[in-house]
Amino acid sequence: MAFVQFSQVSLAFGDRDILKNVTINLQTGSKVALTGANGAGKSTLIKVLAGLVKPDSGSRAVQKDSRIAYLPQSGLTHHGCNLKEEADKAFQFGYDLQEQIDCIGEQLKQNPSNSEQLVIRQSELINELNESNWYRREALAESVLLGLGFKKEDFIKKTEEFSGGWQMRIALAKSLMQNPDILLLDEPTNYLDIEARSWLESFLQNYKGGFLLVSHDRYFLDVTINEVYELFGGDLKKYSGNFTHYEKVREVELKTLIAAYEQQQEEIHKLEDFINRFGYKATKAAQAQEYQKKLDKMTMIEIPESLKKFHFSFPPAPHSGKIVLKLNNITKSYDGKRNVLNNIDLLIESGERLVVVGHNGAGKSTLLRIIAAQDKDFTGEAVLGAGVSIGYFSQDNAETIKGSENMLEYLESKAPLELIPKLRDMLGAFLFRGDDVYKSLDVLSGGEKSRIALLQLLLSPVNLLILDEPTNHLDIHSKDVLLEALKGFGGTVIFVSHDRGFIEQLATRVLELKPGEYKNFPGNYEYYSEQVEKQNLGENSSGGISKSAQQMEEAKISNKVSWEEQKKRDSEQRKIEREIEKTEKLISECEEKKSQLELKMADPSVYSNGEKAKSVQKQIDEIKKEIDSFTQKWEELQMKMDSF
């Protein structure tokens with residue numbers, strides 16, 4: 001079994017411990033997520049596993065002939081050949097094996113005697129080559145490239161023609177094609193749209209080797225991994241189960257940690273207060289010195305930044321009419337030949353959360369720019385309703401964030417008066433902690449400027465938010481903060497996102513864009529996914545379906561009816577779930593009362609007294625009847641649940 005592991009590994013940068021006596025073991029079949037706050041050292045730990053960074057102490061061991069593939073967060077570029085030729089480089093290990101096999105063959109020809117060991121070695125290499133998908137490399141390369149969003153016509157395109165995001169997709173594709181024993185992936189979903197993420201999820205679910213990955217996409221983690229390692233303060237702790245389970249367990253641990261932290265802070269305050277008050281008094285100086293020694297020796301309790309809870313809400317949304325936006329025959333072409341958007345008609349009402357989905361190049365960002373009046377070169381009309389005020393966010397907003405003032409001063413100049421006291425917490429929620437808030441705008445990275453631009457938008461009193469990839473550059477916790485704020489937002493939201501979990505929890509309606517066409521789904525993302533799956537099954541069985549305009553309109557009406565029925569079913573289901581929960585609580589309370597009465601019956605002063613014993617037994621019998629009644633009700637409710 002292939003493996004890579006290290007034991008008691010330590011690594012420090014200056015006076016900061018990145019890893020402290022860390023032990024980890026990855027092997028065939030491992031499905032691991034690595035988590036921790038920004039700056040905790042996750043990328044460094046992966047580089048140590050990959051053998052790219054040497055630790056200060058401890059040992060790293062790799063099973064002989066184990067192949068490890070490592071994908072960094074960013075920075076990889078490719079040039080000098082076309083995409084197909086670059087993909088073929090992923091199979092270099094196969095070419096190397098073939099060369100060794102041929103070399104042994106030549107040795108056997110030249111010196112047939114004493115050939116037993118050579119024959120055994122050649123057989124091992126041939127077997128390794130056969131198991132590595134070497135002979136299927138062209139089909140495998142095509143499957144991976146198409147799965148990650150490349151088109152067949154891209155295969156002959158020069159690699160230097162691809163943008164930075166697509167360069168990282170090439171690097172990811174090559175890592176997967178290698179079919180290594182251990183995959184180390186640092187933020188592999190950063191540059192993927194939702195379709196490519198879904199494909200990668202399926203790939204990893206079926207992957208025979210082991211992998212460790214870092215990702216800020218909770219849904220992606222939940223469906224791919226079965227154990228979590230958390231890096232905090234240089235220590236590494238393992239949790240079994242998916243990411244959501246880890247968060248629940250960690251939340252319970254955090255409650256205990258917070259209680260201990262608050263107790264320690266209270267003790268520190270008392271010690272410091274005594275030292276400050278009596279440190280210079282001769283009669284108390286000795287005691288003050290003892291208290292100072294106690295403080296110096298105290299191991300300070302820290303709370304992980306990634307698990308601190310921040311909350312904020314939008315300023316009240318100004319009132320608008322029921323109709324927020326009407327799109328009439330919106331058509332857009334960049335080259336005058338092909339329409340990116342074609343005759344889009346759409347009506348958005350107040351309070352809706354519309355997600356726009358589709359493959360890269362389908363026109364999602366283009367549509368959002370048109371709605372936000374950032375792009376006026378189109379035909380048709382976009383009509384805003386009465387009293388509608390727009391707040392627009394895209395990655396381009398980062399370009400407007402510049403100047404010598406620090407980010408705290410900048411946001412204080414933009415924020416409503418009532419939100420100024422909350423700005424430090426809000427900055428913390430968006431990954432700016434401690435002295436980060438005093439960094440000058442001019443020294444911020446592109447990702448940091450994007451987060452500031454997003455936070456600035458969220459301070460504005462608007463009633464229509466248009467958000468193009470708002471979760472980029474945010475960690476899981478920051479996404480949660482943003483999500484909760486958007487759920488409580490009193491206006492309307494139109495957004496694009498590649499984070500499925502974020503979409504599923506926010507969207508109430510889905511607009512799907514395809515080249516030159518669109519479909520409107522009046523329901524949440526789960527409903528949309530079900531409809532697309534049904535449609536795909538229908539197309540696959542019939543060899544393709546062509547619909548007339550009338551049929552499409554009928555399908556829209558049918559979709560709306562189906563969604564209304566689904567909403568009704570969901571409402572009934574939630575009602576039964578609440579009834580089950582209430583009944584279970586009543587049964588639990590009755591069982592507790594019964595236990596107390598049975599303990600009372602065991603008391604000599606009760607069972608030796610006929611009247612008392614009779615009274616207690618009567619209460620026990622009544623409680624039993626209640627339990628039977630509630631249990632019967634619970635069974636009936638469960639039967640109803642099973643019918644859904």
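Is Lys-322 buried or exposed? I open with that residue, and before answering I should say that what we have in front of us is a predicted model. Lys-322 is exposed, because its relative accessible area is 59%, and the cut-off for that word is over 50%. In the chain, Lys-322 sits in the loop that connects helix H10, residues 285-297, with strand S10, residues 323-333. Although Lys-322 and Glu-349 are 27 residues apart in sequence, their C-alpha atoms are 5.6 Å apart in space. If we set aside the neighbours within four places in sequence, the residues in contact with Lys-322 are Ile-348, Glu-349 and Ser-350.

Since H10 has come up, let me turn to its packing. Helix H9, residues 243-278, and H10 have axes that come within 9 Å and cross at roughly 145°, and the crossing in which H9 passes H10 is left-handed. On the H9 side the contact is made by Glu-267, Ile-268, Leu-271, Glu-272, Phe-274, Ile-275 and Phe-278, while H10 contributes Ala-285, Gln-287, Ala-288, Tyr-291, Gln-292, Lys-294 and Leu-295. As a reminder for reading such lists, an α-helix has 3.6 residues a turn, so residues three or four places apart point the same way.

Earlier in the chain there is another pair of helices to look at. The axes of H3, residues 92-110, and H4, residues 116-131, come within 10 Å and cross at roughly 155°, which means that H3 is roughly antiparallel to H4. H3, too, passes its partner H4 in a left-handed crossing. Among the residues of H3 that make the contact are Leu-97, Ile-101, Ile-104 and Leu-108, and on H4 they include Leu-118, Gln-122, Leu-125 and Leu-129.

Now to the strands, and to S7 in particular, which spans residues 210-214. How much of strand S7 is covered? Five of its five residues are buried, and both faces are covered, with Gly-210, Leu-212 and Val-214 on one side and Phe-211 and Leu-213 on the other. S7 has parallel pairings with S3, residues 31-35, through three bridges, and with S6, residues 182-186, over five bridges. To place these pairings on the model, you can look for Ala-33, whose bridge partner in S7 is Leu-213, and for Leu-183, whose bridge partner in S7 is Phe-211. S6 and S7 also belong, together with helix H7, residues 194-205, to a right-handed β-α-β unit.

Further along the chain we come to an open sheet of six strands, in the order S14-S15-S16-S12-S17-S18, and its pairing is mixed. The edges are taken by S14, residues 390-393, and S18, residues 517-521, and because each of them has a single partner strand, one side of each is left without a neighbour in the sheet. From one strand to the next, the twist averages 15°.

Within this sheet, I would like to dwell on S16, residues 492-496. Why can we call S16 largely enclosed by the rest of the structure? Five of its five residues are buried, so the surrounding structure largely encloses this strand. On one side of S16 the buried residues are Thr-492, Ile-494 and Val-496, and on the other they are Val-493 and Phe-495. S16 pairs in the parallel sense with S12, residues 353-357, over three bridges, and in the parallel sense with S15, residues 464-468, over five. Phe-495 is a useful residue to find here, being the bridge partner in S16 of Val-355 and also of Leu-467. Between S15 and S16 the chain passes through helix H15, residues 476-487, and this β-α-β crossover is right-handed.

Moving to the edge strand S14, we find that four bridges join it to S15 and that the two run parallel; Tyr-392, for instance, has Ile-466 of S15 as its bridge partner. Helix H14, residues 446-458, lies across S14 and S15 and runs at about 170° to S14.

The last element I will mention is helix H11, residues 364-371, which is mostly covered, with six of its eight residues buried. Those buried residues are Lys-364, Thr-366, Leu-367, Leu-368, Ile-370 and Ile-371, so that this list includes a lysine that is buried, whereas Lys-322, with which I began, is exposed. H11 is followed by Ala-373, whose phi is positive, near 65°.

Notes
Residues are numbered from 1 along each chain as its sequence is written. This is a predicted model: local features need pLDDT of at least 70, side-chain atom pairs count only at pLDDT 80 or more; totals for chains, interfaces and linings use all residues. Side-chain values use heavy atoms; hydrogens and water are left out. Buried means under 20% relative accessible area, exposed over 50%, partly exposed in between (1.4 Å probe, protein chains only). Two strands pair if DSSP finds at least two bridges between them. A crossover is right-handed if, with the strands pointing away from the viewer, the path from the first strand over the helix to the second runs clockwise. Contact means heavy atoms within 4.5 Å. Axes are lines fitted to C-alpha atoms, for helices over the stretch in contact, and angles run from 0 to 180 degrees between N-to-C directions. Angles under 35 degrees count as roughly parallel, over 145 as roughly antiparallel, 65 to 115 as roughly perpendicular and the rest as oblique. A crossing is left-handed if the near helix is turned anticlockwise from the far one by less than a right angle, and right-handed if clockwise.
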